[in-house]
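The following note reviews one structure, with attention to the contact between its chains. The points are numbered for ease of reply.

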Amino acid sequence: MTISLQNGINTLIGQIDAPIASFFSSCVHCGLCADACLFYTETLDPKYTPIHKLEPMRRLWQQEYTFWGKLMQKVGLSKPVTDEDLAEWEPLVYDSCTLCGRCSMVCPVGNDIVYMVRKMREGMVASGHAPEGLKGATQRAIELGSPMGLNINTLNAQIKHAEKDTGLTVPMDVEGADYMMVLSSAEIADYPEIIGAVTRIFKQANVSWTLASDGFEGTNSGIQIGSSDLAAEIVGRIVHAAERLKVKFVISPECGHAFTALRWEGPNLIGRPYPFKVIHIIELLDELRSSGRLKTEGVDETRMTFHDPCQMVRRGGVVEQPRNLMHMVAPNFVEMPDAGVQNWCCGGGGGVSANHRAEPLRVKVFSRKKEQLDAVNAKTIVTSCSNCRTMLLDGLENHHMDTEVIGLTELIAEHLADNAEGKAS
Amino acid sequence: MKEHETLEQRLQEQGVSRRSFLKFCAAMATMMALPPGSASAIAAALAKVKRPSVIWLSFQECTGCTESLTRSHSPTLESLIFDMISLDYHHTLQAASGFAAEQAREDAMKEFHGKYLLLVDGSIPIKDGGVYSTIAGRTNLDMLQEAAAGAAAIVAVGSCAAFGGLPNAQPNPTGAVAVSDLIKSKPIINISGCPPIPAVITGVLAHYLTFGALPALDDQGRPKAFYGETIHDRCYRRPFYDQGKFAKTFDDEGARNGWCLYELGCKGPTTHNACATTKWNGGAGFPIEAGHGCLGCSEPKFWDAGSFYTPLPAPAADVTSAAKAAAVVGAVAAVTVGAIDRGKKTLAQQSREKITVEDLKGN
Amino acid sequence: MEQEMLLWVRGTGLQIATAVFVIGMVYRMLHIFMLGRKKSLAEARGSEWSGGFRTMWKRSFVTTKLSARGNFTVIAGLIFHLGFFVTFLFLSQHIDLIRAVLGFGWPAMPRGVIDIAAVLSIGAMIALLVHRFIDPVKRMLSDFQDYLTWTLSFLPLLTGFMLLREIGFEYITLLTLHIASVELLLVIAPFTKLAHMFSTFIARWYNGAVNGFKGIEI
């Protein structure tokens with residue numbers, strides 16, 4: 001049996017590296033990370049203190065890699081990490097962490113806590129302590145090709161709609177295209193307008209692009225559940241498709257973890273650098289804007305705000321680009337308090353949205369986002385992550401707020417300069 | 001001098017006025033911080049005192065203590081205190097020599113057994129049976145033990161007798177020790193200093209003669225009246241210390257302005273003595289007034305406390321070499337243990353079993 | 001006895017404490033690096049080095065908006081650390097020590113400044129200890145080591161302050177206690193979270209390097 005406590009322990013011991021050793025060596029238990037975590041601020045339950053979520057891993061580090069820890073272990077005074085411990089920590093590691101990385105920003109000794117949570121999840125999966133919801137999503141991603149169980153037929157149906165709406169052809173499996181667009185399952189299932197939007201934008205900007213029938217799904221549940229083995233398999237499909245089509249760029253969709261998986265983790269998961277570059281759709285749109293290839297006309301006077309997806313902004317470094325795009329079309333764009341790299345998570349990242357058990361907690365902690373939204377009183381929230389979008393819609397509904405949520409790419413597409421030309425109907 | 005003569009009579013013979021004598025007594029009372037009325041009590045007691053026998057033994061010493069006491073530029077009242085004791089043996093001062101001198105010592109010891117006062121200066125070498133210092137063929141150790149047996153009390157004069165002093169400093173080739181290391185059954189009073197302040201010696205003797213007992217002592221066996229405070233506590237440069245104004249060299253602006261000598265190695269803060277108040281050379285001054293820091297000579301181990309010019313906060317030993325060696329040890333240990341731990345990590349990674357989709361199904 | 005004890009803490013004791021501290025710290029820090037870190041195969045958008053060094057410095061000042069408990073921790077923590085460094089690095093007696101060991105020094109700060117820094121630092125430490133007792137997060141996180149390291153850090157400050165003003169004991173006793181308390185700190189620091197005095201810069205560098213690599217200005 002692959003899944004065992006021993007396998008989990010081996011995995012964790014193997015995951016502990018120099019950064020983690022420096023982090024655990026440095027923690028002075030100041031508790032500041034609690035203030036950065038919405039699961040603490042909205043519940044005031046100390047167990048949600050980020051560094052506390054790593055306690056089993058810290059104990060392993062101490063026992064395996066420190067002088068006193070080894071000594072204590074030799075004389076039998078240390079508390080070995082048990083299955084019960086890991087079971088107790090499972091909800092802390094998965095349900096109350098969206099891998100948003102805000103804690104890593106506040107830690108005065110510089111601990112990258114989210115870096116450790118990501119690695120701790122490797123051991124949790126290997127020891128069988130991952131939540132059912134995430135297991136199911138990952139299983140579907142591996143076996144069916146998408147965590148939501150979508151397949152190429154679903155995509156093809158959405159492409160047909162898009163082609164009908166736009167009167168344009170959506171390129172599929174075009175070898176030698178410059179850009180290969182990847183989508184997220186939420187986009188295909190719930191926000192298919194994105195397909196038409198990028199088709200029109202790329203048409204106007206004259207971008208050579210394609211979709212790939214064997215690599216269209218960007219969502220990577222393997223990253224969220226924390227299994228590099230499975231994450232590699234999922235990202236490998238995109239790499240394979242991109243190499244098959246010999247594209248220069250792969251475009252990450254409006255999906256936070258897809259970006260992280262594709263842009264930052266991917267080459268490390270497959271063990272080699274990519275022969276292509278990865279660019280976030282928002283990065284690309286901003287490049288097109290600055291080079292004058294993306295032109296908009298008309299503005300939307302609605303009071304709008306922008307929700308920064310953690311993985312794109314804080315963990316991805318795409319900060320100014322969405323703002324540049326917002327300013328093109330939204331004169332009444334207002335920033336929420338803490339906007340940018342300090343933004344608060346929607347509450348559903350890092351696999352929390354796929355984890356049914358976590359739902360009541362997720363719904364509760366949305367109050368943090370609501371507070372931020374209330375401060376600016378915007379009519380429309382623009383974002384660039386389909387998972388954030390779903391979480392925002394869900395949260396707004398729970399709080400009976402009639403704020404609209406829209407994807408940034410779509411917002412831009414709505415104001416394309418050749419708008420009339422684009423709309424065939 | 002006749003045996004039955006009192007000190008008062010003796011002083012009158014020498015032409016010392018009663019007024020001068022009272023002044024001396026008042027000074028003694030002040031120095032020892034006795035109540036105001038004590039001066040007359042001291043005068044009354046001293047005036048009547050008969051000459052007690054005193055034996056002064058000099059062992060491993062430099063005679064500096066005796067010099068301190070006797071080499072005043074002009075005869076002082078302090079020196080008179082010696083006139084009231086019967087110094088039966090002092091090998092520097094006595095007229096007798098050879099067998100006659102030793103005979104005088106033995107006679108005094110026999111005659112005043114249990115009553116004489118034993119003064120000792122110099123440390124006592126005990127290594128190799130004490131052979132490193134002998135008088136008339138007898139080791140200091142032997143002589144001290146014999147003399148101590150019949151003494152009423154012992155006064156260890158100077159830092160060598162009190163604490164071992166210079167002979168006791170590293171590497172102490174003769175195994176020099178203090179009187180108190182050898183004699184446990186007699187009251188011992190340490191009058192430390194290298195040399196001790198003459199007024200302190202006479203003050204203690206005056207106290208003994210007046211009250212017939214030793215004064216209150218500190219934990220080093222020193223009379224509290226003289227060693228109760230540090231040089232630093234009573235130093236006239238103390239305000240500069242408190243303001244953080246320090247001379248950096250012996251000839252800089254700070255030195256000329258009379259700033260604190262702490263950074264030039266002054267040991268005043270850790271040294272108990274009366275120099276700053278009693279002063280030296282008939283009240284002319286004390287080392288700090290002369291622009292030099294205190295050496296700490298009245299404290300044990302002062303020779304081993306590093307350079308006289310090293311400030312107190314500085315290490316008294318070579319820490320740089322220790323640190324360098326430690327860095328090498330630490331680095332070697334880190335690389336060795338690190339390699340082992342790295343091996344453990346690799347082993348854990350290798351023995352880790354790959355997760356497959358099957359592992360996500362059911363339990 | 002007092003002189004012997006002072007001499008011991010200034011000599012042998014200091015040598016032992018320094019040796020243990022250096023062995024322990026060099027060991028701890030090098031051992032961290034020995035555990036290794038995989039070089040990212042992803043395409044860099046910025047420099048790990050500049051990001052790492054930026055965070056090494058910038059994380060000394062937490063700029064994230066925090067709750068009252070967070071702000072208290074940051075401000076009290078900053079006061080404690082600043083007070084500690086000001087008294088440690090700028091008291092003339094400490095510079096004497098540094099000059100004696102390293103062969104060079106720098107100008108001291110006026111005693112008034114040192115006094116204020118020491119009082120603020122001591123006050124901040126006491127406040128932080130009280131907060132550790134009453135704040136639910138800190139209370140949950142805290143273990144024996146937190147209280148041990150607090151005590152070890154507090155004693156040099158306290159004895160140092162008492163020494164400057166000769167409070168309670170004689171100068172020599174206070175000086176001995178002060179040096180001894182520092183030696184205790186030196187001996188235990190490498191084996192406790194006090195190792196953060198060095199490892200925090202490694203941690204900050206790694207944290208910043210991740211962001212620097214990704215081209216995130218934080």
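1. The area buried between chain A and chain B is about 1900 Å². Carbon and sulfur atoms account for 54% of that area. The model is a predicted one, and the values below should be read accordingly.

2. As to confidence, chain A has a mean pLDDT of 93, with 98% of its residues at 70 or more. An exception is the stretch of residues 419–425 of chain A, where the pLDDT is below 50. This stretch nevertheless has 12 contacts in the model beyond near neighbours in sequence.

3. In terms of residues, the interface brings 25 residues of chain A into contact with 18 residues of chain B.

4. Which polar interactions cross the interface? Four salt bridges are found between chain A and chain B. One salt bridge joins Glu143(A) to Lys361(B), with 2.5 Å between the closest N and O atoms. In addition, 10 residue pairs across the interface are in polar contact, both residues being at pLDDT 80 or more.

5. On the side of chain A that touches chain B, at least two residues each come from helix 1 (5–15), helix 5 (55–65), helix 9 (113–126), helix 10 (132–143) and helix 15 (228–245) of chain A. Which helix of chain A gives the most to this side? Helix 10 does, with six residues.

6. The composition of this side of chain A is mixed: 10 of the residues that touch chain B are nonpolar, eight are polar and seven are charged.

Methods:
Residues numbered from 1 in each chain as written. Chains lettered and ligands numbered in written order. Predicted model: local features only at pLDDT ≥ 70, side-chain atom pairs only at ≥ 80, totals over all residues. Heavy atoms only, no water. pLDDT = per-residue confidence, 0-100. Contact = heavy atoms within 4.5 Å. Buried area = accessible area lost by both parts, 1.4 Å probe. Salt bridge = Lys/Arg side-chain N within 4 Å of Asp/Glu carboxyl O. Polar contact = N/O pair within 3.5 Å; in protein donor to acceptor, adjacent residues only side chain to side chain. Helix = DSSP H or I, 4+ residues; strand = E, 2+ residues; numbered from the N terminus. Nonpolar A, V, L, I, M, F, W, Y, C, P; charged D, E, K, R; others polar.
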